[in-house]
Amino acid sequence: MNILDPEAAEVTPLQFQPRQPKRQGRRDTFQLPYITVVVVVTSVAGWSDRRERIRAQFPRNVRLIPDNGEQSVLLKFAVGRHGPSQEVISNVTLEAAKFADILMLDCLDEDDSLNTQANWALTAGVSATTSKVMLSVKWAVRHFDFDYFFRLGDDSYFRIDKFMSMISDQQIPARSAVVGHILHDHVFGELQPYPQGMGYGLTYDVCIFIAGNEGHLLNTAPEDCVVARWLMAVGAKFIDSPHWRDIALGEGCEPDMVLAHKLPADLWSNITDSGTIEC
């Protein structure tokens with residue numbers, strides 16, 4: 001299985017680094033602040049309206065998490081600094097100063113879904129979305145000790161409180177796993193599983209692997225399938241949850257959804273103060 005970038009110079013063997021057995025030990029060793037879940041939304045600099053919509057739902061959901069000193073959540077939006085006009089950069093800089101939740105990453109800022117080139121995943125092109133995931137994982141590992149990294153699409157509704165309940169109920173493995181809406185398709189010449197790009201959670205040890213090998217991994221599109229190739233290299237478990245729904249594909253709405261993709265405007269307006277959707 002080739003997950004390495006064939007153009008990378010001096011490619012070194014991939015090393016899978018398991019997490020320390022005790023969270024307290026990691027904090028003492030690395031002196032990093034602890035966050036239970038780091039949520040990063042792959043965004044586009046000019047799409048401030050989508051960021052506003054996610055901010056509006058997110059604080060409401062976070063309030064449902066017990067404040068017991070052990071569970072905490074961080075929300076960030078990942079945008080690229082290469083590509084937007086100077087006006088857009090100026091606007092997003094002001095937005096970042098106001099909300100302190102935007103990561104300006106050293107990558108392209110375009111939206112991969114707008115690329116219509118056939119078989120894009122098999123080309124040598126660099127994916128803006130894949131770059132944002134890779135660089136934001138590296139940023140999270142560098143700045144925080146955490147349990148899970150959640151990559152969220154900016155067109156998705158996400159119940160962080162429900163995801164935290166899945167963690168508390170041990171519905172998600174603590175090591176070597178990805179959880180989401182798992183599909184199977186023929187990509188890169190073979191049938192493979194992948195977490196649909198609407199949103200998925202990665203365990204800490206998988207993030208250590210990605211961050212430690214940034215620059216040596218494939219960086220093409222589609223992002224969700226490429227990330228799956230990285231995970232397959234370390235034998236990560238693919239956990240399919242029935243509470244991820246793709247509304248655009250006709251999958252039904254349920255009040256206890258963890259995540260819904262491409263939610264129509266009428267359902268966005270039906271989100272209650274408690275964070276539940278009135279389907």
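Leaving aside neighbours within four places in sequence, Ser 136 is in contact with Val 40, Leu 103, Leu 105 and Phe 149. This residue of the predicted model belongs to helix α4. Ser 136 is buried, because its relative accessible area is 1%, under the 20% that delimits the buried class. Helix α4 serves below as the starting point for a description of the packing around helices α6 and α7.

The chain as a whole contains eight helices and ten strands. Of its 279 residues, 52% count as buried. Among contacts between residues at least 6 apart in sequence, 76% join residues at least 24 apart. One pair separated along the chain is formed by Asp 147 and Cys 207, which are 60 residues apart in sequence and 9.8 Å apart in space, C-alpha to C-alpha. Asp 147 is found in strand β4 and is buried, with a relative accessible area of 9%. Cys 207 is likewise buried, at a relative accessible area of 0%.

Two helix pairs involving α4 were examined. Two packed helices are described by the angle between their axes and the distance between the axes. Helix α4, spanning residues 128-143, packs against helix α6, residues 204-212, at an angle of about 110°, and the two axes are 9 Å apart. The angle therefore makes α4 roughly perpendicular to α6, given that this class covers 65 to 115 degrees. The crossing of α4 and α6 is left-handed. On the α4 side the contact is made by Met 134, Val 137, Lys 138 and Val 141, and on the α6 side by Cys 207, Ile 208, Ile 210 and Ala 211. By class, the residues of this contact comprise seven nonpolar, no polar and one charged.

The second pair consists of α4 and α7. These helices pack at an angle of about 45°, with their axes 9 Å apart. They are therefore oblique to each other, because angles of 65 to 115 degrees count as roughly perpendicular and those under 35 degrees as roughly parallel, while 45° belongs to neither range. The crossing of α4 and α7 is right-handed. Thr 129, Thr 130, Val 133 and Met 134 in α4 meet Glu 223, Val 226, Val 227 and Trp 230 in α7. The residues of the contact between α4 and α7 divide into five nonpolar, two polar and one charged. Met 134 of α4 takes part in the contact with α6 and also in that with α7.

Helix α7 itself covers residues 223-233, and nine of its eleven residues are buried, so the helix is largely enclosed by the rest of the structure. The buried residues are Glu 223, Asp 224, Cys 225, Val 226, Val 227, Ala 228, Arg 229, Trp 230 and Leu 231. For Cys 225 the relative accessible area is 3%. The elements covering the buried residues of α7 include the helices α4 and α6 and the strands β4 (145-153), β6 (177-187), β7 (190-203) and β8 (237-240). Strand β4, part of this cover, is also the strand in which Asp 147 is found.

The cysteines were also considered with respect to covalent linkage. A disulfide is a covalent bond between the sulfur atoms of two cysteines. A search of the whole structure finds zero disulfides. Accordingly, no such bond involves the buried residues Cys 207 and Cys 225.

Backbone geometry was then inspected at several positions. Most residues other than glycine have a negative phi, and most peptide bonds are trans. A cis peptide bond joins Ala 221 and Pro 222, with omega about 0°. Pro 222 lies in the loop between α6 and α7. Beyond α7, the helix is followed by Gly 235, whose phi is positive, near 70°.

Positive phi values also occur in residues other than glycine. Gln 170 has a phi near 60° and lies in the loop between α5 (160-168) and β6. Gln 170 is exposed, because its relative accessible area of 71% is over the 50% required for that class. Phe 188, which is not a glycine, has a positive phi of about 55°. Phe 188 lies in the loop between β6 and β7. With a relative accessible area of 22%, Phe 188 is partly exposed. The two strands flanking this loop, β6 and β7, are among the elements that cover the buried residues of α7.

Key:
Residues are numbered from 1 along each chain as its sequence is written. This is a predicted model: local features need pLDDT of at least 70, side-chain atom pairs count only at pLDDT 80 or more; totals for chains, interfaces and linings use all residues. Side-chain values use heavy atoms; hydrogens and water are left out. A disulfide is a pair of cysteine sulfur atoms within 2.5 Å. Buried means under 20% relative accessible area, exposed over 50%, partly exposed in between (1.4 Å probe, protein chains only). Axes are lines fitted to C-alpha atoms, for helices over the stretch in contact, and angles run from 0 to 180 degrees between N-to-C directions. Helices (H or I, at least four residues) and strands (E, at least two) are DSSP runs, numbered from the N terminus. Angles under 35 degrees count as roughly parallel, over 145 as roughly antiparallel, 65 to 115 as roughly perpendicular and the rest as oblique. A crossing is left-handed if the near helix is turned anticlockwise from the far one by less than a right angle, and right-handed if clockwise. Contact means heavy atoms within 4.5 Å. Ala, Val, Leu, Ile, Met, Phe, Trp, Tyr, Cys and Pro count as nonpolar, Asp, Glu, Lys and Arg as charged, and the others, Gly among them, as polar.
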